[in-house]
Amino acid sequence: MQWLPVIFAPFIGSFLGVLIRRLPSGQPIAWARSACSSCGRELAVRDLVPVVSFLVLRGRCRRCEAPIGAFHLVVELAAVAVALWVALTMDEPDWVWAGCLLGWTLLTLAWIDAGHMMLPDVLTLPLLLAGLGFTFVLEPWDMLDHAVGAVAGYVAFRAIASIYQVWRGRSGLGGGDARLLAAAGAWLGWQALPWVVFEAALAGIAATLIARVFGHRVSRTTAVPFGPFIAIAVWLVWLYGIPLAG
């Protein structure tokens, strides 16, 4: 049971790829058929087997042989990596499933925010509820701390955003970030929130420095998505806990 999510991970990753591609543009998720972007041919089931179809077809459309981007393959492998990471870190199946749900959702949110500067409510709000739900089932004695964390995460981030807007005269932190931090509080409890913000800020600074090293211009007015850094911080704190907290 502990390794079952790893088996399902490629299929989950295939669905995550659909979410990443279609949610930002408002395309339908469940009913739209996948098709080749070159010839328009709808893809058959045999063309949609995660990882395997891409390798068998050597990354090309079966009909027109146009190259198919490796985007879905990369997402599928990333979903497998998330499941493996959790399975190697956690012992109990319930916690493995919880960790995979958290990791897969954070992966999707980070990818969307990095590409489109948005964190869809259709993902952040269910993630918040899932955090409270798993806490109620697996650690009911911590329910109050996690409920307070959800409220505190949202209120604190909105307060920071308001201060930033007054100080800089423009909006720099979005409501999606606040809702993601609320979800972080629901999963981790209020005590972990300062560490999440701290680690996310460190990750953001590191990414900015790396971008500058590689020649990318980053100034005070450059829009930088903060969601991926929050996602990384939430993931690490959930897996390994608060430093020095035992």
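Trainee: Why does Phe-198 count as partly exposed?

Mentor: This is a predicted model, and the accessibility is computed from it. Phe-198 has a relative accessibility of 45%. Partly exposed covers what lies between under 20%, for buried, and over 50%, for exposed, so Phe-198, at 45%, is called partly exposed.

Trainee: Where is Phe-198, and how far apart in space are Phe-198 and Ala-233?

Mentor: Phe-198 belongs to helix H8. Its C-alpha is 8.4 Å from that of Ala-233, although 35 residues separate the two in sequence.

Trainee: How do you know that the length of H8 agrees with what its residues should span?

Mentor: Helix H8 takes in residues 193-213, which is 21 residues. The expected span is 1.5 Å times one less than that number, so 30 Å should be covered, and the end C-alpha atoms are indeed 30 Å apart.

Trainee: Which residues of H8 are buried?

Mentor: Leu-193, Val-196, Ala-200, Gly-204 and Ala-211 are the buried ones. Looking down the axis of H8, these residues fall within an arc of 65°, so they line one face of the helix.

Trainee: What makes such an arrangement possible in an α-helix?

Mentor: With 3.6 residues a turn, residues three or four places apart point the same way.

Trainee: Which residues are exposed on the other side of H8, and what follows the helix?

Mentor: Pro-194, Ile-205 and Val-213 are exposed there. After H8 comes Gly-215, which has a positive phi, near 90°.

Trainee: What makes the phi of Met-117 worth a remark?

Mentor: Phi of Met-117 is positive, near 55°, and the residue is not a glycine. Most residues other than glycine have a negative phi. Met-117 is found in the loop between H4 and H5.

Trainee: Is Met-117 buried, exposed or partly exposed?

Mentor: Its relative accessible area is 45%. Being over 50% would make it exposed and under 20% buried, so Met-117 is partly exposed.

Trainee: What about helix H5: how does its reach compare with the expected value?

Mentor: H5, residues 121-138, has 18 residues and reaches 25 Å from first C-alpha to last, close to the expected 26 Å. Its buried residues include Leu-123, Leu-127, Ala-130 and Leu-138.

Trainee: How do you know that H3 has the span its residues should give?

Mentor: H3 has 19 residues, 71-89, which at 1.5 Å a residue should span 27 Å, and its end C-alpha atoms are 27 Å apart, so the two agree.

Trainee: Which elements cover the buried residues of H3?

Mentor: Among the buried residues of H3 are Phe-71, Glu-76, Val-80 and Ala-87. Their cover includes helices H1 (4-22), H2 (52-56), H4 (93-116) and H9 (227-240).

Trainee: Why is Pro-10 called buried?

Mentor: Pro-10, in helix H1, has a relative accessible area of 16%. Buried means under 20%, so Pro-10 is buried. Setting aside neighbours within four places in sequence, Pro-10 is in contact with Pro-50, Glu-76 and Val-80.

Trainee: What makes Ala-81 partly exposed, and how far is Ala-81 from Pro-10?

Mentor: Ala-81 sits in H3. At 43% relative accessibility it lies between the cut-offs of 20% and 50%, so it counts as partly exposed. C-alpha to C-alpha, Ala-81 and Pro-10 are 9.7 Å apart, with their positions 71 residues apart in sequence.

Trainee: Why is the pair of Phe-226 and Phe-229 described as tilted?

Mentor: The structure holds eight aromatic pairs. In this one the ring centres are 6.4 Å apart and the planes are at 55°. Pairing needs centres within 6.5 Å, and stacked is under 30 degrees, edge-to-face over 60, so the pair is tilted. Both Phe-226 and Phe-229 are buried.

Trainee: Which residues form an aromatic cluster, and which charged end sits over a ring?

Mentor: Trp-95, Phe-134, Trp-187 and Trp-238 form one cluster. The charged end of Arg-21 sits over the ring of Phe-71, 4.0 Å from the ring centre.

Trainee: What does the secondary structure of the protein chain come to, and what share of its residues is buried?

Mentor: The chain has nine helices and zero strands. Of its 246 residues, 41% are buried. Among contacts with a separation of 6 or more, 68% join residues 24 or more positions apart.

Terms used:
Residues numbered from 1 in each chain as written. Predicted model: local features only at pLDDT ≥ 70, side-chain atom pairs only at ≥ 80, totals over all residues. Heavy atoms only, no water. Helix = DSSP H or I, 4+ residues; strand = E, 2+ residues; numbered from the N terminus. Buried < 20%, exposed > 50% of the residue type's maximum accessible area, 1.4 Å probe, protein only. Arc of directions from axis to C-beta. Contact = heavy atoms within 4.5 Å. Phe/Tyr/Trp six-rings, centres within 6.5 Å; stacked < 30°, edge-to-face > 60°. Lys NZ or Arg CZ within 6 Å of the ring centre and 35° of its normal.
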